[in-house]
Amino acid sequence: MSFAVAGDKYDRFMGRYSRELAPRLIEFAGVESGMGVVDVGCGPGALTESLVKVTGAEKVAAADPSEPFVAAATERAPGADVRLAPAEELPWEDDRFDAALSQLVVNFMRDADTGVSEMRRVVRPGGTVAACTWSYGEDMEMLRSFWDSARRLDSGAPDEGSLMRYRSVEELGELWQRVGLAEVETDHLRVETSYTGFDDLWEPFTFGVGPAGAYLAKLSPEQREQLRMELFKRLGEPSGPFTLSATACAVRGSA
Ligand SMILES: C[S@@+](CC[C@H](N)C(=O)[O-])C[C@H]1O[C@@H](n2cnc3c(N)ncnc32)[C@H](O)[C@@H]1O
């Protein structure tokens with residue numbers, strides 16, 4: 001499983017984007033002080049931690065099927081109700097929360113219809129169910145440049161930009177309507193993250209996190225080095241700090 005890694009490794013790979021994205025998703029979902037909220041597929045807890053700042057730990061719950069991530073999120077959001085569970089089987093009663101949020105998870109769910117239906121089930125009528133996912137297009141520079149580099153060397157590389165579902169606002173909107181959510185609205189959320197240099201970008205790919213890390217882990221040392229050089233060239237051979245941007249597709253609806 002490509003998410004059975006330590007939370008700090010995830011944080012250097014994707015968590016640096018999650019931290020920036022979390023306040024944007026919270027704002028888009030309309031989460032305010034005093035609301036009870038659940039973070040579905042919380043990972044090591046970037047969104048959970050941001051939710052705690054808005055509404056208080058006793059109002060926040062979170063779930064993820066990865067044991068190391070649940071341990072990291074529990075540490076990061078003390079007092080929040082963090083559980084080991086997949087979206088498809090949320091361990092809370094009906095109508096328990098004012099909102100359910102899910103950041104960068106819907107396209108990893110085993111069964112997104114069931115997972116989002118579960119998010120709807122645990123939210124009270126009139127509450128909010130919201131999520132965001134990467135488009136994996138030009139507007140997610142880190143993953144796009146990785147997969148473009150990989151495909152240049154290996155036409156069979158499993159590019160998330162063509163294999164993933166739910167990577168457009170249209171597809172997310174259809175899913176939200178299919179599970180019976182009302183007043184469905186979509187938007188794009190743009191964030192940026194900084195790297196101290198090329199190694200700061202490359203090293204986290206070698207931690208085995210997510211589909212890109214899992215792909216890299218299967219390559220020989222020579223193939224890995226070729227891919228490293230290809231990515232370096234594609235990014236303009238940076239000799240110092242640089243910034244990459246990423247745009248997520250977001251959806252919200254009323255339970
Ligand atoms: C890209 S990470 C996003 C983590 C976190 N939400 C964030 O913003 O950093 C994808 C997460 O989905 C979780 N995941 C995978 N399958 C899942 C499922 N069926 N239900 C809920 N979460 C799942 C993984 O364990 C991982 O934590």
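Student: How much surface does the chain expose, and what share of it do carbon and sulfur atoms supply?

Tutor: In this predicted model, the chain exposes about 10,900 Å², and carbon and sulfur atoms supply 46% of that area.

Student: And what percentage of the residues is buried?

Tutor: Of the 255 residues in the chain, buried ones make up 56%.

Student: OK, overall build next: how many helices and strands are there?

Tutor: The chain has 10 helices and seven strands. Its radius of gyration is 18 Å, close to the 18 Å that the globule rule gives for 255 residues, so the chain is as compact as a globular protein of that length. Taken along the principal axes, the box that the C-alpha atoms fill is roughly 55 × 35 × 30 Å.

Student: What about contacts across the sequence, how many join residues at least 24 apart?

Tutor: If one takes the contacts between residues at least 6 apart in sequence, 75% of them join residues at least 24 apart.

Student: Switching to α8, is that helix mostly covered or mostly open?

Tutor: Helix α8, which runs over residues 198–205, is mostly covered, with six of its eight residues buried. The buried ones are Phe198, Asp200, Leu201, Trp202, Pro204 and Phe205.

Student: What covers them?

Tutor: The cover over the buried residues of α8 includes the helices α1 (7–29), α5 (141–153), α9 (210–218) and α10 (221–234), together with the strands β6 (182–195) and β7 (242–254).

Student: You mentioned α5, so where does Serine 145 lie, and is it buried or exposed?

Tutor: Serine 145 lies in helix α5, and it counts as buried because its relative accessible area is 7%, where the cut-off for buried is under 20%.

Student: Which residues does it touch, leaving out those up to four places away in sequence?

Tutor: With those sequence neighbours set aside, Serine 145 touches Leu231, Arg234 and Leu235.

Student: Back to α1, at what angle do α1 and α3 pack?

Tutor: Two packed helices are described by the angle between their axes and the distance between the axes. For α1 and helix α3 (residues 67–76), the angle is about 65° and the axes are 11 Å apart. The crossing of α1 and α3 is right-handed.

Student: Which residues make that contact?

Tutor: On the α1 side they are Gly7, Tyr10, Asp11 and Arg19, while α3 contributes Phe69, Ala72 and Arg76. Sorted by class, the contact of α1 with α3 has three nonpolar, one polar and three charged residues.

Conventions: Residues are numbered from 1 along each chain as its sequence is written. This is a predicted model: local features need pLDDT of at least 70, side-chain atom pairs count only at pLDDT 80 or more; totals for chains, interfaces and linings use all residues. Side-chain values use heavy atoms; hydrogens and water are left out. Buried means under 20% relative accessible area, exposed over 50%, partly exposed in between (1.4 Å probe, protein chains only). Helices (H or I, at least four residues) and strands (E, at least two) are DSSP runs, numbered from the N terminus. Contact means heavy atoms within 4.5 Å. Axes are lines fitted to C-alpha atoms, for helices over the stretch in contact, and angles run from 0 to 180 degrees between N-to-C directions. A crossing is left-handed if the near helix is turned anticlockwise from the far one by less than a right angle, and right-handed if clockwise. Ala, Val, Leu, Ile, Met, Phe, Trp, Tyr, Cys and Pro count as nonpolar, Asp, Glu, Lys and Arg as charged, and the others, Gly among them, as polar. The radius of gyration is taken over C-alpha atoms; the globule rule is 2.2 Å times the number of residues to the power 0.38. Accessible areas come from the Shrake-Rupley method with a 1.4 Å probe; for residues, only the protein chains shown count as cover.
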